Amino acid sequence: MGFSLKVDDNITIASEALRSVEFSLDMPKDSNAKTSDMGVSLIITGKVLTILDDGSEETVELAQWSMVPAERADCYRKVVVEVIVAGQVVRQYELPNAFVVDYTENYGDTEGVGTFKLVLRQKKDKLKTIVVNGGYTA
């Protein structure tokens, strides 16, 4: 199984750096009927890799995006995540107005590589623009 992550065609995280993807629809747990008060989240975990051959380090751009303040329009970005199994895209999630809810990096002195966790959410008034596809060749 592999994954791909693209943010606004500016940030691309290699599949070897990505470990897991979780897509969730968040609704109030005390609701007795379908509600319009919901949110959509993506939780992505991966490895912080060393500098690539071209001198770039992909995950540093995720860290920089996470610090963009809400007052700036570029805190919202288009995110496309693909889940790929045996060359087949099982699922593709497109959140056109995603923002960073949480971003963490962890390092240890024995692992030799860091890990990151990126929590994204779609802007609430743009939930209808989310696209979920699947079942086609990568």
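Analyst: A residue is called buried when its relative accessible area is under 20%, exposed when that area is over 50%, and partly exposed in between. The model here is a predicted one, so let's keep that in mind as we go.

User: Okay, why is Ser-4 called buried?

Analyst: Ser-4 has a relative accessibility of 18%. The cut-off is under 20%, so Ser-4 counts as buried. Ser-4 sits in strand E1, and apart from its close sequence neighbours, its contacts are Ile-13, Leu-18, Val-80, Val-81 and Glu-82.

User: And how do you know whether Ile-13 is buried or exposed?

Analyst: Same test. Ile-13 comes out at 2% relative accessible area, and buried means under 20%, so Ile-13 is buried. You'll find Ile-13 in strand E2, residues 11-13. Beyond residues up to four places away, Ile-13 touches Ser-4, Leu-5, Leu-18, Glu-58, Thr-59 and Leu-62.

User: What makes Met-1 exposed?

Analyst: Its relative accessible area is 73%. Exposed means over 50%, so Met-1 earns the word. Met-1 lies in the segment before strand E1 (2-7), and together with Val-85 and Val-90 it makes a nonpolar surface patch of about 280 Å².

User: Why does Ala-70 get its label, buried or exposed?

Analyst: With 66% relative accessibility against a cut-off of over 50%, Ala-70 counts as exposed. Ala-70 is in the loop between H1 and E5.

User: Which residues of H1 are buried, and what makes people say they line one face?

Analyst: The buried ones are Glu-58, Thr-59, Leu-62, Ala-63 and Trp-65. Looking down the axis of H1, they fall within an arc of 160°, so they line one face of the helix. In general, an α-helix has 3.6 residues a turn, so residues three or four places apart point the same way. The cover over the buried residues of H1 includes E1, E2, E4, E5, E6 and E7.

User: Where does Leu-62 fit in?

Analyst: Leu-62 is one of the residues with the most contacts inside the largest nonpolar core, which has 28 residues. E1, E2, strand E4 (39-48), helix H1 (58-66), strand E5 (77-85), strand E6 (88-106) and strand E7 (114-122) each give that core at least two residues. E6 supplies the largest share, five residues. Setting aside its neighbours within four places, Leu-62 is in contact with Leu-5, Val-7, Ile-11, Ile-13, Tyr-103, Phe-116 and Leu-118.

User: How do you know that Asp-74 and Arg-72 form a salt bridge?

Analyst: Their side chains meet at 3.0 Å, N to O. The limit is within 4 Å, so the pair qualifies. Asp-74 also pairs with Arg-77, whose closest N and O atoms are 3.6 Å apart, and that passes the 4 Å limit too.

User: Why is that trio called a network, and is Arg-77 buried or exposed?

Analyst: Salt bridges link Arg-72, Asp-74 and Arg-77. Arg-77 is buried, because its relative accessible area is 14% and the cut-off is under 20%. Asp-74, at 28%, is partly exposed, and so is Arg-72, at 44%.

User: What makes Glu-94 and Lys-78 count as a salt bridge?

Analyst: Their closest N and O atoms are 3.8 Å apart, which is within 4 Å, so the pair counts. Glu-94 lies in strand E6 and Lys-78 in strand E5, so this pair ties together parts that are 16 residues apart in sequence. A search of the whole structure finds three salt bridges.

Terms used
Residues numbered from 1 in each chain as written. Predicted model: local features only at pLDDT ≥ 70, side-chain atom pairs only at ≥ 80, totals over all residues. Heavy atoms only, no water. Patch = residues over 30% accessible without salt bridge, like charges linked within 9 Å, V, L, I, M, F, W, Y side chains within 5 Å. Areas by Shrake-Rupley, 256 points an atom, 1.4 Å probe, with all protein chains shown as cover. Helix = DSSP H or I, 4+ residues; strand = E, 2+ residues; numbered from the N terminus. Buried < 20%, exposed > 50% of the residue type's maximum accessible area, 1.4 Å probe, protein only. Contact = heavy atoms within 4.5 Å. Core = buried A, V, L, I, M, F, W, Y, C linked by side-chain atoms within 4.5 Å. Arc of directions from axis to C-beta.
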